[in-house]
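Student: I've got a model open and I'd like to talk it through with you. Can we start with the ligand site?

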Amino acid sequence: MSKVVLVTGANSGIGLALCERLLSHDAEGLQLCLACRNMQRAQAARSALLASHPRAQVALLQMDTSSISSVIAAAQEVKLRYNRLDCLYLNAGIMPNPQFDIRAFFRGLFSSRVVSMFATAEGILTQKDGLTADGLQEVFTTNLFGHFVLVRELEPLLCHAGLTSQLIWTSSSNAHRSAFSMGDIQHRRGTQPYSSSKYASDLLSLALNTHYNKRGLYSSVICPGFVMTSLTYGILPSFPTFLWTLFMPIFWLIRILTNTFTLTPYNGAEALFWLFKQKPESLDPQAKYHSLTSGLGRNYTQARRMDVDLHTSQDLFEKLLQLETEVDRVCSSAADGRTAYSTTCL
Ligand SMILES: NC(=O)c1ccc[n+]([C@@H]2O[C@H](COP(=O)([O-])OP(=O)(O)OC[C@H]3O[C@@H](n4cnc5c(N)ncnc54)[C@H](OP(=O)(O)O)[C@@H]3O)[C@@H](O)[C@H]2O)c1
C-alpha cells in the first residue's frame with residue numbers, strides 16, 4: 001500500500017528538496033501532497049518533481065497556514081481525498097523583516113560564544129512581526145498555530161488503530177527558551193517572534209507525543225542547519241545573491257568548525273528524510289534531530305536533547321486549545337453576522 005505524505009511549504013527550499021529526496025527514495029510507493037499557499041509556485045514545483053520522477057503521484061493542495069479558515073478548508077479537502085495520512089511534514093515557515101544586529105555580531109565574534117553564535121544565530125537576529133486578518137500574530141500563526149489547527153483537523157486521518165503515523169516539524173537551532181513566554185505565546189511584545197515560534201514547536205511536539213502516542217501518532221522535531229534559501233537571503237535583503245555566492249567558500253570553511261552549516265536545501269532536508277525511514281515509536285520525544293554536514297561534505301543526522309519539559313509543554317498545549325476554541329467562536333460569530341471582535345485580545 002502506498003504511503004500518503006503531506007508537506008507544507010513544499011514549493012521551495014528545504015520542503016521542495018525533501019520532496020525530491022522522498023521521490024528519489026521511492027517514486028512509486030508514495031502519494032505526495034504539496035500544501036502551498038501560492039498555486040503558481042506549487043505548480044512549478046510539481047512540474048519540476050515530475051520531470052525527474054514522471055511516474056510519481058504528486059498532488060497539490062492550496063493552504064495558507066497564516067489563515068485559520070484556509071487551514072480548515074484545506075483539511076476538509078484532505079479528508080475528502082485520502083482515508084489516512086502516514087506522514088505530515090509541518091515545514092512552512094517565515095522570518096519576516098529580519099534585522100541583523102551588526103553590533104551583537106561583532107561582540108559575539110570576539111567572545112567565547114562565537115561558534116554557538118554561528119550555529120544558532122542567538123542574539124543577532126530580530127524581526128518585525130505583523131498581524132493576520134484574524135488578528136493573530138503572523139509568525140506565530142504561520143509557523144505554529146496554523147499547523148496546530150491542521151493537526152487537530154486531520155486527527156481522524158492520523159490516528160488509526162494498529163497503525164502508526166508521523167508528524168515532523170521543521171524547527172530551528174534558533175529556538176530559544178529565553179525568547180518564549182507562556183504569558184505571551186504569540187510573542188506580541190518581543191522582538192524575536194521566529195525564535196519564540198520555533199521554541200513553541202519544540203514544546204508542542206513533546207505535548208503531542210504525550211497526547212497522541214497511545215493512538216499511534218508520533219511527533220518529532222528537526223533542525224535543518226543553516227541553509228541558503230529565500231528565508232536566509234531575506235536576512236540581508238539588499239545583499240545581491242551573487243555576493244552570497246562569493247561568501248560560500250567562507251561558509252564551507254566555517255563548516256569545519258560547525259557541522260550545522262549544511263548550506264544546501266538537499267543537505268538541510270537530511271534529518272527530515274532520515275526520520276521518514278525510522279520507526280516512529282523508536283524515536284526520542286525529547287530530542288531534536290539535526291541535519292549535519294561534515295567538513296568533507298558527508299550528511300548525517302544527530303539527535304540532541306531539547307531544552308523542554310513536560311509541564312511547560314502541557315501548559316502550551318492547553319493554551320493552544322483555548323486559542324483554537326476562541327478563534328472558532330470568533331469565526332462562527334462572524335459567519336452568523338453577529339459582531340466579531342478581534343482576536344487581538346487573546
Ligand atoms: N534556511 C534555514 O537556514 C533554516 C534554518 C532553520 C529552520 N528553517 C525552517 O525551514 C523551513 C523551510 O524554510 P526554507 O529555509 O526552506 O525557506 P523557504 O524557501 O522560504 O521556504 C518556506 C516555505 O514556507 C512557505 N510558506 C511561508 N508562509 C506560508 C504560509 N502562510 N502558508 C503556506 N506556506 C507558507 C513558503 O511558501 P511561499 O513560496 O509561498 O513563500 C515556502 O514554500 C521553515 O520552517 C524555516 O523556519 C530554515
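Student: Which helices each supply at least two residues of the shell around the ligand?

Tutor: Keep in mind that this is a predicted model. In it, 30 residues surround the ligand, with G9, G13, G93, T229 and L231 the closest. The helices that each give the shell at least two residues are α1 (13-25) and α9 (230-233).

Student: How many residues of that shell are nonpolar, polar and charged?

Tutor: Glycine counts as polar in this scheme. Sorted that way, the shell around the ligand comes out as 10 nonpolar, 17 polar and three charged.

Student: Are α6 and α8 roughly parallel or roughly antiparallel?

Tutor: Helix α6 (residues 138-153) packs on helix α8 (residues 193-212) with axes 7 Å apart and an angle of about 20°. Angles under 35 degrees count as roughly parallel. So the answer for α6 and α8 is roughly parallel.

Student: What is the make-up of the contact of α6 with α8?

Tutor: From α6 come V139, F140, N143, L144, F148 and V151, while α8 brings residues including P193, Y194, L204 and L208. Split by type, the contact residues are 10 nonpolar, three polar and one charged.

Student: Is G216 exposed, partly exposed or buried?

Tutor: G216 sits in the loop between α8 and β8 (217-223). Beyond its sequence neighbours within four places, it contacts C159, H160, L163, T164 and S165. A residue needs 20 or more other C-beta atoms within 10 Å to be buried, and 12 or fewer to be exposed. G216 has 16, so it is partly exposed.

Conventions
Residues numbered from 1 in each chain as written. Predicted model: local features only at pLDDT ≥ 70, side-chain atom pairs only at ≥ 80, totals over all residues. Near = placed C-beta within 6 Å. Helix = DSSP H or I, 4+ residues; strand = E, 2+ residues; numbered from the N terminus. Axes fitted to C-alpha atoms, helices over the stretch in contact; angles between N-to-C directions. Parallel < 35°, antiparallel > 145°, perpendicular 65-115°, else oblique. Contact = placed C-beta atoms within 7 Å.
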